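Grab your viewer and work through these exercises on the fold shown here. Each one has a task, then a solution in steps.

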Amino acid sequence: MRISDKLAHEQTFSLEIFPPRGDMPLETARAVAGEMARDKPDWISVTYSAGGLGNSANTVPIAAAIERELGVTALAHLTCLGSTRADIDAFVASLHAAGVENVLALRGDRAPGREAIDFSFASDLIAHLRATAPDLCIGAACYPEGHVESESSEADFEALYRKQEAGADYLVTQLFFDNEDFYRFRERCQRHRIRVPIVAGIMPFTSVKQIQRMAFTCGASIPAKVVKRLVLAGDDPADQARAGVEYAVGQLRDLAANGVDGLHIYSMNKPAISHATHDALVGCGYLKG
Ligand code: FAD
């Protein structure tokens, strides 16, 4: 099912997995997706070589398994830096063959060997997809705290408007830890004529190390209350992870109460995160049991 059709009718709940690297067989990824499917997500997204992990070849096989074996809508991520038009067309052909009709069109992070060839920005990819594969439902990324490379927030909103006008059907946010950033962003989107639905992306942090890495790679700010809670957790890894889920659940409940279009959980191949967030959203009435 097209994600834009779901978003037109209901508030959504979605999950994410990243494809296996060398040390994780495809079978394990399938099992993880199967566990997450128990939480009846509206879709499960499958990342594409995120963080330069070089595992993009597994995105479509996993997305296909999610659609065909689990009966859950799959969203395949796709980046365009370092790709030719022919590479993108081949990826789209494999999506069609696999019966996947949803794609998240991204530029990708800059990295050595990932320079622009035929596409410089996500809006170029979206325009190409819209022209060559009109049946695809296309999502795009947005950044409540601004993209790390952006010169100004005005430039970011111009880029976002370009993505919408090129054909993006909806947006999914980068992770954020302060809901006020999201609410401010949502208001500014209205002023910048962004009319497509905006799905809020929440990541339950799992450790001090991981949240620090996220702050640097995504430019997400870490509120003082998170730091204080992590100080209390000290060196206890289980308590650090517990703090992450507790904090994310608080964010999700607040977003649910404030009329969000959809909630996406950066569940990072962890069914425990999927189950905990699902149960919390049932508890607050956002999801049916
Ligand atoms: P763009 O929209 O192209 O923006 C990139 C930068 O260029 C921004 O600073 C923007 O303001 C600027 N810009 C855009 N258009 C123009 C223009 N015409 N002129 C000048 N400047 C312009 N990465 C992966 O590798 N794999 C994944 O699976 C993945 N999944 C993601 C999922 C989500 C929900 C999000 C939020 C990010 C994801 N990323 C992933 C990370 C993403 O690839 C990076 O954030 C990347 O740096 C930017 O991607 P974009 O599609 O937003 O790029």
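**Exercise 1.** Work out which residues of E4 sit on each side of the strand, and whether they are buried or exposed.

*Solution.* Start with one side of E4: Asn102, Leu104 and Leu106 are buried there. Flip to the other side, and Val103 and Ala105 are buried too, so both faces are covered (buried means under 20% relative accessible area, exposed over 50%, partly exposed in between, with a 1.4 Å probe and protein chains only). That gives five buried residues out of five for strand E4, residues 102-106. Strands and helices here are DSSP runs, numbered from the N terminus: E with at least two residues for strands, H or I with at least four for helices.

Before going on, note that this is a predicted model, where local features need pLDDT of at least 70, side-chain atom pairs count only at pLDDT 80 or more, and totals for chains, interfaces and linings use all residues. Residues are numbered from 1 along each chain as its sequence is written, and side-chain values use heavy atoms, leaving out hydrogens and water.

**Exercise 2.** Find which strands E4 pairs with, and how the chain gets from one to the next.

*Solution.* Strand E3 (residues 74-79) runs parallel to E4, with five bridges between them (DSSP must find at least two bridges for a pair). One handy marker is Thr79, whose bridge partner in E4 is Leu106. Between E3 and E4 the chain passes through helix H4 (residues 85-98), and this β-α-β crossover is right-handed (with the strands pointing away from the viewer, the path from the first strand over the helix to the second runs clockwise).

Now for E5 (residues 137-142): E4 pairs with this strand over three bridges, again in the parallel sense. Here Leu104 has Gly139 as its bridge partner. E4, helix H5 (residues 122-132) and E5 also make a right-handed β-α-β unit.

**Exercise 3.** Trace the strand order and say what the strands form.

*Solution.* Follow E1-E2-E3-E4-E5-E6-E7-E8: these eight strands, paired parallel, make a closed barrel. From one strand to the next, the twist averages 30° (axes are lines fitted to C-alpha atoms, for helices over the stretch in contact, and angles run from 0 to 180 degrees between N-to-C directions).

**Exercise 4.** How does the chain's radius of gyration fit a compact globule?

*Solution.* For 289 residues, the rule of 2.2 Å times the number of residues to the power 0.38 puts a compact globule near 19 Å. Taken over C-alpha atoms, the chain has 18 Å, which agrees. As a last step, check burial: 53% of the 289 residues are buried.
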